[in-house]
Amino acid sequence: MTHYLVLLLALLIGVVAGLRALTAPAVLAWAALLHWINLDGTWASWMGHPVTVTLLTILALIELVTDKLPSTPDRTIAAQFGARILLGAFSGAVLGTAWAYRWSSLGAGMIGAVLGTVGGYQARKRLTSAAGGHDLSVALLEDMVAVLGGFGIAALTALDL
């Protein structure tokens with residue numbers, strides 16, 4: 001896979017982390033478990049372990065539920081924003097490691113997380129307003145974009161274009 005394509009996929013997985021922070025690493029854990037990406041012998045080889053996949057999947061599902069709670073803080077507050085940037089960078093680095101582009105992919109994942117966080121926040125705010133204040137339907141749509149987008153990105157890595 002070319003360096004530019006890996007960077008694009010790392011940027012996109014970062015966008016997923018910006019939308020739903022734990023979805024990106026959970027998807028990559030599944031990709032490693034299913035051998036869509038080869039992390040054998042790398043620092044990230046633990047991502048494909050069944051315990052890692054199970055734990056990240058549970059955490060991602062919890063995040064999907066807690067996102068809908070009224071007490072959940074905005075993704076743009078410092079702690080939430082920072083977590084999304086870190087998880088986007090981590091996810092980008094994991095994805096890039098499969099093709100020996102860890103560091104540049106880390107940066108692409110970080111940029112993607114910023115874009116996903118800010119863009120997702122603005123899109124959700126505007127779509128909720130357009131939907132007459134019905135946030136749940138917009139939040140569920142965002143969940144679908146994050147999960148299906150994440151698995152779509154992971155599936156593209158399996159093609160090794």
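Trainee: Leaving aside neighbours within four places in sequence, which residues is T23 in contact with?

Mentor: Setting those neighbours aside, T23 touches V16, A60, E63, A146 and V147. T23 itself sits in helix α2. Keep in mind that this is a predicted model.

Trainee: How do I read the confidence, and where is it lowest and highest?

Mentor: Look at the average, then at the elements. The protein averages a pLDDT of 96, and 99% of the residues score at least 70. Confidence is lowest in helix α6 (residues 135-159), with a mean of 95, and highest in helix α2 (residues 23-33), at 98.

Trainee: Back to T23, then. Is it buried or exposed?

Mentor: For that you compare the relative accessible area with a cut-off: under 20% is buried and over 50% is exposed. T23 has 3% relative accessibility, so it counts as buried. Try T52 in helix α3: at 13%, T52 is buried too. Leaving out neighbours within four places, T52 contacts W46 and M47.

Trainee: M47 is a nice lead. Which residues of the largest nonpolar core touch the most other members?

Mentor: The core has 28 residues, and I13, L28, I37, L39, M47, V94 and L95 touch the most other members. To see who builds it, go helix by helix: α1 (3-19), α2, α3 (50-66), α4 (78-97) and α6 each supply at least two residues. The largest share, seven residues, comes from α2.

Trainee: Can we zoom in on one or two of those core residues?

Mentor: Sure, take L95, which is found in helix α4. With 0% relative accessibility, L95 counts as buried. Beyond neighbours within four places in sequence, L95 is in contact with V6, L9, A10, I13, L28, I153 and T157. Now look from I13: with the same sort of neighbours left aside, I13 is in contact with A24, L28, S91, G92, L95, G150 and I153.

Trainee: And how far apart are the C-alpha atoms of L95 and S71?

Mentor: They are separated by 33 Å, with the two positions 24 residues apart along the chain.

Trainee: What about the surface? Which residues make the nonpolar patch there?

Mentor: L127, L141, M144, V145 and L148 make a nonpolar surface patch of about 480 Å². Helix α6 gives the most to this patch, with four residues. L148 lies in α6 and has a relative accessible area of 59%, so L148 is exposed.

Trainee: Next topic: charges. How many salt bridges are there?

Mentor: Here is the idea: side chains of opposite charge can pair when their charged atoms come close. The count in this model is nine salt bridges. A good one to start with joins D67 and R20, whose closest N and O atoms are 2.9 Å apart. D67 is in the loop between α3 and α4 and R20 in the loop between α1 and α2, so the pair ties together parts 47 residues apart in sequence. Both D67 and R20 are buried.

Trainee: Which helix does R124, another D67 partner, lie in?

Mentor: The side chains of R124 and D67 meet in a salt bridge at 2.9 Å, N to O. R124 lies in helix α5 (residues 102-130), so this pair ties together parts 57 residues apart in sequence. R124 is buried, at 10% relative accessible area. K68 also bridges to D67, with closest N and O atoms 3.7 Å apart, and K68 is partly exposed, at 24%.

Trainee: Which residues are linked in the network of salt bridges?

Mentor: R20, D67, K68, R75, R124, D135, E142 and D143 are linked in it.

Conventions: Residues are numbered from 1 along each chain as its sequence is written. This is a predicted model: local features need pLDDT of at least 70, side-chain atom pairs count only at pLDDT 80 or more; totals for chains, interfaces and linings use all residues. Side-chain values use heavy atoms; hydrogens and water are left out. pLDDT is the predictor's confidence in each residue, from 0 to 100. A nonpolar core is a set of buried Ala, Val, Leu, Ile, Met, Phe, Trp, Tyr and Cys residues joined through side-chain atoms within 4.5 Å. Buried means under 20% relative accessible area, exposed over 50%, partly exposed in between (1.4 Å probe, protein chains only). Contact means heavy atoms within 4.5 Å. Patches are made of residues with over 30% relative accessible area and no salt bridge: like charges are joined within 9 Å, nonpolar side chains (Val, Leu, Ile, Met, Phe, Trp, Tyr) within 5 Å. Accessible areas come from the Shrake-Rupley method with a 1.4 Å probe; for residues, only the protein chains shown count as cover. A salt bridge is a side-chain nitrogen of Lys or Arg within 4 Å of a carboxyl oxygen of Asp or Glu.
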